[in-house]
Amino acid sequence: MTDASPQTEYDSPWKQILQLYFEDFMLFFFPQAHGEIDWTQQPEFLDKELEQVVRDAELGKRLADKLIKIYRTGGEESWILIHLEIQSQSESDFSERMFIYNYRIYDRYKRSVASLAVLGDERINWRPNQFGYSLFGCTINFQFPVVKLLDYQQRQSELEASRNPLATVVMAHLAAVQTKSDRLQRKQQKLSLVRRLYQQGFEREDVLNLLAFVDWVLTLPQDLEREFLFEVEQIEAEQRMQYVTSFERSGIRLGLLEGIELGLELKFGASELFIMEEVSQIYDIEQLRAIKEQIKTATTIEELRRIIRSETETQS
């Protein structure tokens, strides 16, 4: 039996969650700060700028980091910055790194910077929240707010009742910690999260986003993954849900989309990849397989577009 090991990619779905649900993230984890942000003005994610600020630093054990330009209610400053760190494991120099990044960001922009951290490690007593020293009357005292995900183990009923997307994220994280040595229990908790998502009536796009996170965190051995997918089909039949097909989570659909995109580029050139927007609206696996095969015989991009549109019409 081949076990799917826990994911460790640094460009993790946490980044997607932060990008898609930043306002929900702030409301869930840092409600006081959320209340002081002017949400009528769109937050701006400064990913490339953050890379330049910390370009000489190793990524270490982070799951995600973000720099976000926001506006504060009251207009004390025209705009300010939030620096977010999602930390996966305890790290001896974490507080020092938070201080260094905070100062570097301030030095670059000369704007107030709030550094906030979410700790996803398993050491209950590791709670770094300050860095400082004093020398010859010169004192540095840097303090920053932290959220410890393990604390939510005592707040399960609150998580269950919440419709904030971050509640699902936290529940998936806790389930991964709790089932590290019990994959059968992991399968059951994963199914429970899927059922909860369907029953809460999220929009289809939100279900897809949150299921991607659940899949990434709660990996299963191949045999249990097959059982999981079969049971999800049963749940979908019971709920009469048409949000997602099981194949989407198994990676088959993603693999087909990637194959279609590669085939298009090789045969017709990168300039024709715009039609992937139409292809991405197809969720039937057999239809996608048919399109992939048609790329081999289609002589023009117009011919292939007619095929894709006919598949799209068939699906609807």
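Which residues form a nonpolar patch on the surface? In this predicted model, the patch is made up of Tyr133, Leu135 and Phe136, which together have about 410 Å² of accessible area. Of these residues, Leu135 belongs to strand E5, which covers residues 130-135. The relative accessible area of Leu135 is 46%. Leu135 is therefore classed as partly exposed, because that class lies between the limits of 20% and 50%.

Charged side chains were examined next. The count of salt bridges comes to 15. One salt bridge is formed by the side chains of Asp151 and Arg127, with an N to O distance of 2.6 Å. This pair links distant parts of the chain, as its two residues are 24 residues apart. Asp151 is found in the loop between strand E7 (146-148) and helix H6 (156-161), while Arg127 is found in the loop between strand E4 (113-119) and strand E5. Both residues are partly exposed: Asp151 has a relative accessibility of 29%, and Arg127 has one of 37%.

A salt bridge also joins Glu160 and Arg196, where the closest N and O atoms are 3.8 Å apart. Glu160 is part of helix H6 and Arg196 is part of helix H8 (residues 183-200), so this salt bridge ties together parts of the chain that are 36 residues apart in sequence. The two partners fall into separate accessibility classes. Glu160 is partly exposed, at a relative accessible area of 41%, whereas Arg196 is buried, at 7%. The value for Arg196 is under 20%, which is why Arg196 is called buried.

Helix H8 also takes part in a salt bridge through Lys187. The side chain of Lys187 meets that of Glu227, with 3.0 Å from N to O. Glu227 is located in helix H10 (residues 222-239) and Lys187 in helix H8, so the contact ties together parts that lie 40 residues apart in sequence. Here again, one partner is buried and the other is partly exposed: Lys187 has a relative accessibility of 4% and counts as buried, while Glu227 is partly exposed with a relative accessible area of 36%.

Salt bridges can also share partners. In this model, such bridges join Glu85, Glu91 and Arg97 into one network.

Definitions and conventions:
Residues are numbered from 1 along each chain as its sequence is written. This is a predicted model: local features need pLDDT of at least 70, side-chain atom pairs count only at pLDDT 80 or more; totals for chains, interfaces and linings use all residues. Side-chain values use heavy atoms; hydrogens and water are left out. Patches are made of residues with over 30% relative accessible area and no salt bridge: like charges are joined within 9 Å, nonpolar side chains (Val, Leu, Ile, Met, Phe, Trp, Tyr) within 5 Å. Accessible areas come from the Shrake-Rupley method with a 1.4 Å probe; for residues, only the protein chains shown count as cover. A salt bridge is a side-chain nitrogen of Lys or Arg within 4 Å of a carboxyl oxygen of Asp or Glu. Helices (H or I, at least four residues) and strands (E, at least two) are DSSP runs, numbered from the N terminus. Buried means under 20% relative accessible area, exposed over 50%, partly exposed in between (1.4 Å probe, protein chains only).
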